Protein chains: 2
Amino acid sequence: MKKRNIQVCMTPKLFSLYADKKSIVVVVDVLRATSSMCVAFENGVKRMIPVSTVEEALEYKNSDEDYILAAERNGKPVKSFDFGNSPQVYLDMDVKGKTVVMTTTNGTKAINIAKKDHEVVVGSFLNLDAIAKWLADKDRDVIIFCAGWKDKFNLEDTLFAGALVTQLLETSLYQDACDAAQAAKFLWGRSKDDLYGFLENSSHRNRLAKLNIDSDVHFCLKLNQTHKIPLLKGDFLVIDDV
Amino acid sequence: MKKRNIQVCMTPKLFSLYADKKSIVVVVDVLRATSSMCVAFENGVKRMIPVSTVEEALEYKNSDEDYILAAERNGKPVKSFDFGNSPQVYLDMDVKGKTVVMTTTNGTKAINIAKKDHEVVVGSFLNLDAIAKWLADKDRDVIIFCAGWKDKFNLEDTLFAGALVTQLLETSLYQDACDAAQAAKFLWGRSKDDLYGFLENSSHRNRLAKLNIDSDVHFCLKLNQTHKIPLLKGDFLVIDDV
């Protein structure tokens, strides 16, 4: 039986090189957009609308519908929005049945790039097992699309890519089809016993530490806290439970 | 004392993100362009002219000067050229004092991207120690620029980047200033005892194996075979001995 391909796209700037439109794309922005999305759905959010710009998000502000507006730029919440990009706000607030409009520096941008030609789901360490199982049930090639940081490579998204590559290879249904997938797999193997320590000197962990949101980093590096699979349908993320 | 920064640019498509024009850029295309350049100079070549296109290279064909023309596309020599991209041809032929005009799929393209705004030198495993020493003698930031494969990430160039990052950090003069440098360093640590084995499933090693040039791969993965530092002066690569 022909094995399915797994590829890893390390930053949005490289995504145009991945022309295979039949692949499912798993968008990942571990710190923190896609982690926040997983937590939002776990805590009862009904739909999310990932938009690329703050301006687009603000268009929802004066709508009749009761949207929650979440916006982050450069690691900080944007003024006049309800939420920033922290996953932990969804634990404290009653968000059941709500629709969240979200824009972030990297993650929502990656989703909007990928959705033009591909089916898109959202991955994070928080739903790692669930998304691996969900993918294995489809007979499709996979592109793991790291949101990175302003088009540059980042470690944390690549580690998640490595974790997912490793799990998918263990099913024997897949083959790693590019060097980036192999590199990610090796980096995951090296880091999995102490993700937080491995990321000690990473650029984004340091960026968040300066903003005093180190507890978000700990939170986002926990494995398998939810079975929710945020799946893009048109402009909306909705859940597809495993 | 302020430490010098080391950054790693994983593919040409990302190079525009590295705007610091004061950095020295080390271009690397281990399999095989920059390895061939190191060998060419070790064997007496006087100058090399790296050009981006086959058409540009052909313009030198009917010149009065006695150029050697070397061209590779997709791993294969281009018809009607003297040489392809194999480093080993420079061992068998008398190339002393000659000027080589070279165009390759990735390496010469990367050199021509970098030269617009940066000082450029050429690195490979063959001149690893020499280039680390040469850089350490300058008080400059460093960008290690992996040529990749058609704008995608590749393993072998990243392993060289990791080797060079590791050596530079050991001098205590430098700090790794991006996640890509950290990832490269970890991958080098994982692979250094068996580079050939580590690259067993890499895309480019497999590409070259299909062309029956596995001996070139072995050749290019040897460390420290030369002290030559190919350095770009205008449009010419010349040597700067350590």
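A residue is buried if 20 or more other C-beta atoms lie within 10 Å of its own, exposed if 12 or fewer, and partly exposed in between, with C-beta atoms placed from the backbone. This is a predicted model, in which local features need pLDDT of at least 70, side-chain atom pairs count only at pLDDT 80 or more, and totals for chains, interfaces and linings use all residues. Residues are numbered from 1 along each chain as its sequence is written, while chains are lettered from A and ligands numbered from 1 in the order in which they are written.

**Exercise 1. Place Gly123(B) and decide whether it is buried or exposed.**

Solution.
- Step 1: find the element. Gly123(B) belongs to strand β7 (residues 119-123) of chain B. Strands (E, at least two residues) and helices (H or I, at least four) are DSSP runs, numbered from the N terminus.
- Step 2: count neighbours. Gly123(B) has 31 other C-beta atoms within 10 Å, so Gly123(B) is buried.
- Step 3: list contacts. Two residues are in contact if their C-beta atoms, placed from the backbone, lie within 7 Å. Leaving aside neighbours within four places in sequence, Gly123(B) touches Val26(B), Val28(B), Thr34(B), Ile131(B), Phe160(B) and Leu164(B).
- Step 4: check a distance. Gly123(B) and Cys38(B) are 85 residues apart along the chain, and their C-alpha atoms are separated by 7.8 Å.

**Exercise 2. Work out how chain B is related to chain A.**

Solution.
- Step 1: superpose. The fit is by least squares on the C-alpha atoms of residues with pLDDT of at least 70 in both copies. A turn of 180° and a shift of 0.0 Å along the axis lay chain B on chain A with an RMSD of 0.0 Å.
- Step 2: name the symmetry. The two copies are thus related as by a two-fold rotation axis.
- Step 3: compare surfaces. The same surface serves both copies, as 100% of the contact residues of chain B recur in chain A.

**Exercise 3. Describe the side of chain B that touches chain A.**

Solution.
- Step 1: count. The contact involves 22 residues of chain B and 22 residues of chain A.
- Step 2: assign elements. Those of chain B giving two or more residues are α6 (155-170) and α7 (179-191). The largest share, seven residues, comes from α7(B).
- Step 3: sort by type. Ten residues on this side are nonpolar, seven polar and five charged. Here Ala, Val, Leu, Ile, Met, Phe, Trp, Tyr, Cys and Pro count as nonpolar, Asp, Glu, Lys and Arg as charged, and the others, Gly among them, as polar.

**Exercise 4. Which residues of β11(B) point to the buried face?**

Solution.
- Step 1: recall the rule. In a regular strand the side chains alternate between the two faces of the sheet.
- Step 2: apply it. In β11 (residues 236-239) of chain B, Leu237(B) and Ile239(B) point to one face and are buried. Phe236(B) and Val238(B) point to the other and are not.
- Step 3: find the partner. Strand β10 (residues 230-233) of chain B pairs with β11(B) in the antiparallel sense over four bridges; pairing requires at least two DSSP bridges. Leu232(B) stands opposite Leu237(B).
- Step 4: inspect the turn. The hairpin has two residues between its strands, and Gly234(B) takes a positive phi near 65°.

**Exercise 5. How many residues of helix α1 of chain A are buried?**

Solution.
- Step 1: count. Nine of the ten residues in α1 (residues 33-42) of chain A are buried.
- Step 2: name some. Among them are Ala33(A), Met37(A) and Phe41(A).
- Step 3: look past the end. Just after α1(A), Gly44(A) takes a positive phi of about 100°.
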